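Here's a quick briefing to read alongside the model. Have the viewer open and follow along.

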Amino acid sequence: MLRQIKPRNARSKRALEKREPKAVENPKIALFLRGTTCSQIVQDAMGELYSLRASHAKKFTKKNAVRPFEDATSLEFFSEKNDASLLVFGSSSKKRPHSLTLIRTFDHNVLDMLEFSLDPDSFRRMAQFQTRKFTFGLRPMLVFAGTAFESPVQNEWTLARSLLLDFFRFDGGATASKLDVEALQYVILVSADEPSSSAAAASSSDDDPSTKPVLRLRSYLIRTQRSGQKLPRVEVEEMGPRMDFRLGRMREADDAMMKEAMRRARTTDERPKKNITTSALGDKMGRIHLGKQDLKELQTRKMKGLKRGRVPDESADADVDEAVVAGDEPKRKRKL
């Protein structure tokens with residue numbers, strides 16, 4: 001664990017406040033590390049991924065004796081020291097050649113990780129494509145194609161989709177109210193092969209990455225041309241890099257840690273206002289709740305016809321009715 005640093009001046013105080021938790025987090029920093037044994041293919045692949053998000057990435061060139069799936073203490077130290085939420089670790093061994101491990105952290109603790117096994121035969125660098133490149137720092141459009149990414153059950157493919165979304169969407173979760181069309185310069189396509197029955201049976205019996213479906217990573221440059229209509233004609237051209245992966249080992253996130261990581265701070269704008277709605281025309285309407293009203297106590301206009309009369313005597317009315325029934329008319333009072 002790192003020691004608690006107390007700010008001694010305004011500059012260090014601003015640096016510490018920048019690292020504090022926020023409702024909308026800062027753009028995620030990706031840290032690229034290499035192990036003690038790392039092939040040149042893996043180093044080139046890490047360089048290509050670094051160039052895709054060079055504005056929010058850091059890269060180490062020295063070797064590090066780190067084994068992510070056995071002991072992640074060193075990774076957590078590097079994450080806290082460099083304020084990095086994502087780590088890309090490259091290694092190569094006889095059992096697992098050309099491996100790239102994508103690691104995601106929460107509060108500088110390892111949340112989950114997934115190992116990608118790179119195919120060296122189909123790998124192509126960005127410089128091998130004689131096409132125009134995109135402007136660095138712009139957001140890419142992401143497309144995931146394949147039924148494996150749409151699985152309702154959490155598995156390695158859904159984890160790969162989540163990790164790649166966080167890796168290429170480095171804006172901290174902020175949404176732009178307006179989007180410039182000129183900023184949409186390139187698209188990243190991640191596709192998954194349809195698993196066959198033989199491959200599924202082999203993967204269930206053996207944990208060999210070579211028997212699993214292939215995950216293909218492609219990036220295309222977007223070009224717009226005149227179409228003679230209001231909307232332009234859109235064409236794509238591959239600009240590199242070209243990578244094919246097979247998914248290897250994985251480490252799922254703990255349920256309690258994932259629940260804490262997914263929690264969002266409630267701001268004043270997001271809090272719902274009770275009994276206030278907005279119509280389709282934009283008019284704000286409110287609902288008022290009143291108690292039970294007693295109409296007998298309602299204050300009306302003071303008119304002679306609305307005044308309350310005396311309650312008639314029920315006993316006198318009963319005597320008059322008996323006299324009429326007997327045939328005797330009631331005696332009238334003589335006027336004086």
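What follows covers the strands, salt bridges, empty spaces and aromatic pairs in turn.

This is a predicted model, where local features need pLDDT of at least 70 and side-chain atom pairs count only at pLDDT 80 or more, while totals for chains, interfaces and linings use all residues. Residues are numbered from 1 along each chain as its sequence is written, and side-chain values use heavy atoms, with hydrogens and water left out. A good place to start is strand β4 (residues 99-106): seven of its eight residues are buried, so the rest of the structure largely encloses it. Buried here means under 20% relative accessible area, exposed means over 50%, and partly exposed is in between, using a 1.4 Å probe and protein chains only.

**Strands around β4**

- Helices (H or I, at least four residues) and strands (E, at least two) are DSSP runs numbered from the N terminus, and two strands pair if DSSP finds at least two bridges between them.
- On one pairing, β4 runs antiparallel to strand β3 (residues 86-91), with six bridges joining them; Leu86 has Arg104 of β4 as its bridge partner.
- β4 also pairs with strand β5 (residues 109-118), again antiparallel, over eight bridges, and here Leu100 is matched with Phe116 in β5.
- β4 and β5 make a hairpin with two residues between them, and Asp107 in that turn has a positive phi of about 55 degrees.

**Salt bridges**

- The structure has 15 salt bridges, each being a side-chain nitrogen of Lys or Arg within 4 Å of a carboxyl oxygen of Asp or Glu.
- Arg104 turns up again here: it forms a salt bridge with Asp112, with the closest N and O atoms 2.7 Å apart, and both residues are buried.
- Arg169 and Asp166 form another salt bridge at 3.9 Å, N to O; Arg169 is partly exposed at 45% relative accessibility, whereas Asp166 is buried at 11%.
- Those four residues belong to a salt-bridge network that links Lys28, Arg104, Asp112, Asp166 and Arg169.
- The side chains of Arg96 and Glu115 also meet in a salt bridge, 3.7 Å from N to O. That pair connects distant parts of the chain, 19 residues apart, with Arg96 in the loop between β3 and β4 and Glu115 in strand β5.
- Arg96 is partly exposed with a relative accessible area of 27%, while Glu115 is buried at 5%.

**Cavity and pocket**

- On a 1 Å grid over the protein atoms alone, a cavity is a set of points where a 1.4 Å probe fits but cannot get out, and a pocket is an open set with protein on both sides within 12 Å along at least five of seven lines; lining residues have an atom within 4 Å of a point.
- Grid points are joined across faces, edges and corners, and a volume is the space filled by probe spheres set on the points.
- There is one cavity of 30 Å³ or more, and the largest cavity holds about 140 Å³ of space.
- β4, α4 (156-168) and β8 (214-225) each give at least two residues to the lining of the largest cavity, which includes Leu100, Phe116, Phe167 and Phe168.
- That lining has 11 nonpolar residues, one polar and no charged, where Ala, Val, Leu, Ile, Met, Phe, Trp, Tyr, Cys and Pro count as nonpolar, Asp, Glu, Lys and Arg as charged, and the others, Gly among them, as polar.
- The second largest pocket has a volume of about 390 Å³. It is lined by 20 residues, and those closest to its centre are Val66, Arg67, Ser91, Ser93 and Arg249.
- The lining of the second largest pocket splits into five nonpolar, nine polar and six charged residues, with β3 and β4 each supplying at least two.

**Aromatic pairs**

- The whole structure has nine aromatic pairs; rings of Phe, Tyr and Trp (its six-membered ring) pair if their centres lie within 6.5 Å, and planes under 30 degrees apart count as stacked, over 60 as edge-to-face and the rest as tilted.
- Phe32 and Tyr50 are an edge-to-face pair, 5.8 Å centre to centre with 85 degrees between the planes. Phe32 sits in strand β1 (residues 30-34) and Tyr50 in helix α2 (residues 40-52), so the pair ties together parts that are 18 residues apart in sequence.
- Phe32 is buried at 0% relative accessibility, but Tyr50 is partly exposed at 26%.
- Ring pairs join Phe32 and Tyr50 with Phe167 and Phe168 in a cluster.
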